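Grab a pencil and open the viewer. Below are a few exercises, each followed by a solution you can trace on the model.

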Amino acid sequence: MLASKKGFSLLELLIVFIIIGILSAATIPSYQRHIIKAKVLDAMTFVNSIKIATTDFYFQHGFWPNNNQLDLNKNINNHAYIKHIVLSPNNTNDRHEENILITFKGDSKLENKLLILNSNIDNYHITWICKPSDINKLDNELLPASCKNK
């Protein structure tokens, strides 16, 4: 009688481990990139509340607020991915605009990267334009969809 074969040979196991290694090497960088993009989106969700608060302030007072007028610092300290937010108003007579400068933290690819949101007023309708900074720029692949092609 022939003996029945039980288990896998060493060569078969080696081939399986090589295939798993190749698949892991191909997918881990993509997974890490998606994690960082999720962190940026989380930070941008937080920034949306600041855009609303600055817009409300502008319509109530007729000029853009700075950091002290909205007391931003106490809220930002608890955020995992935002290091600083600076409100930079331009309240001159000919041009009313607000720049929100966001500095990221929490990941080596995000640390100290800067993103700028700029207000645009047209007939009492305010839109926010996302502009990557020239200094400490976020990689294009990490930008939210609302910031691309602007």
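**Exercise 1: a salt bridge across the chain**

Lysine 39 has a relative accessible area of 16%, so it counts as buried. Keep in mind that this is a predicted model. Your task: find the salt-bridge partner of lysine 39 and say which parts of the chain the pair links.

Step 1. Start at the side-chain nitrogen of lysine 39 and look for a carboxyl oxygen within 4 Å. Aspartate 107 fits the bill, with the closest N and O atoms 3.1 Å apart.

Step 2. Place both ends. Lysine 39 sits in helix H1 and aspartate 107 in the loop between E2 and E3, so the pair spans 68 residues and links distant parts of the chain.

Step 3. Check the cover on the partner. Aspartate 107 has 17% relative accessible area, and because buried means under 20%, it is buried.

**Exercise 2: the other salt bridge**

The structure holds 2 salt bridges. Work out which residue pairs with glutamate 111, and whether that glutamate is buried or partly exposed.

Step 1. The side chain of glutamate 111 meets that of lysine 83, at 3.7 Å from N to O.

Step 2. Glutamate 111 belongs to the loop between E2 and E3, while lysine 83 is in strand E1, 28 residues away along the chain.

Step 3. Now the accessibility. Glutamate 111 comes out at 35%, so it is partly exposed. Lysine 83, at 32%, is partly exposed too.

**Exercise 3: lay out the sheet**

In what order do the strands of the sheet run, and which are the edge strands?

Step 1. Follow the pairing: 4 strands make an open sheet, ordered E1-E2-E3-E4, with antiparallel pairing.

Step 2. Look for strands that pair on one side only: these are E1 (82-91) and E4 (125-132). From one strand to the next, the twist averages 20 degrees.

Step 3. Add the helix. H1 (residues 10-61) packs on the sheet and touches E1, E2, E3 (114-122) and E4, its direction making about 155 degrees with that of E2.

Step 4. Count the bridges. E1 and E2 (residues 96-104) are joined by 9, with isoleucine 85 opposite isoleucine 102. E3 and E4 are joined by 8, and here leucine 115 faces proline 132.

**Exercise 4: a residue in the middle strand region**

Take isoleucine 100, in strand E2. Is isoleucine 100 buried or exposed, and what is it in contact with?

Step 1. Its relative accessibility is 0%, so isoleucine 100 counts as buried.

Step 2. Skip neighbours within four places in sequence and list the contacts. Among them are Ile50, Lys51 and Thr54, along with Ile85, Leu115 and Trp128.

Step 3. Try one distance yourself: the C-alpha atoms of isoleucine 100 and isoleucine 50 are 8.8 Å apart, although 50 residues separate the two along the chain.

**Exercise 5: positive phi**

Most residues other than glycine have a negative phi. Where do asparagine 112, asparagine 123 and asparagine 136, which have positive phi, lie?

Step 1. Asparagine 112, with phi of about 65 degrees, is in the loop between E2 and E3.

Step 2. Asparagine 123, at about 50 degrees, is in the turn of the E3-E4 hairpin, which has 2 residues between the strands.

Step 3. Asparagine 136, also at about 50 degrees, lies in the segment after E4. Its relative accessibility is 43%, so asparagine 136 is partly exposed.

Key. Residues numbered from 1 in each chain as written. Predicted model: local features only at pLDDT ≥ 70, side-chain atom pairs only at ≥ 80, totals over all residues. Heavy atoms only, no water. Pairing = 2+ DSSP bridges. Axes fitted to C-alpha atoms, helices over the stretch in contact; angles between N-to-C directions. Contact = heavy atoms within 4.5 Å. Buried < 20%, exposed > 50% of the residue type's maximum accessible area, 1.4 Å probe, protein only.
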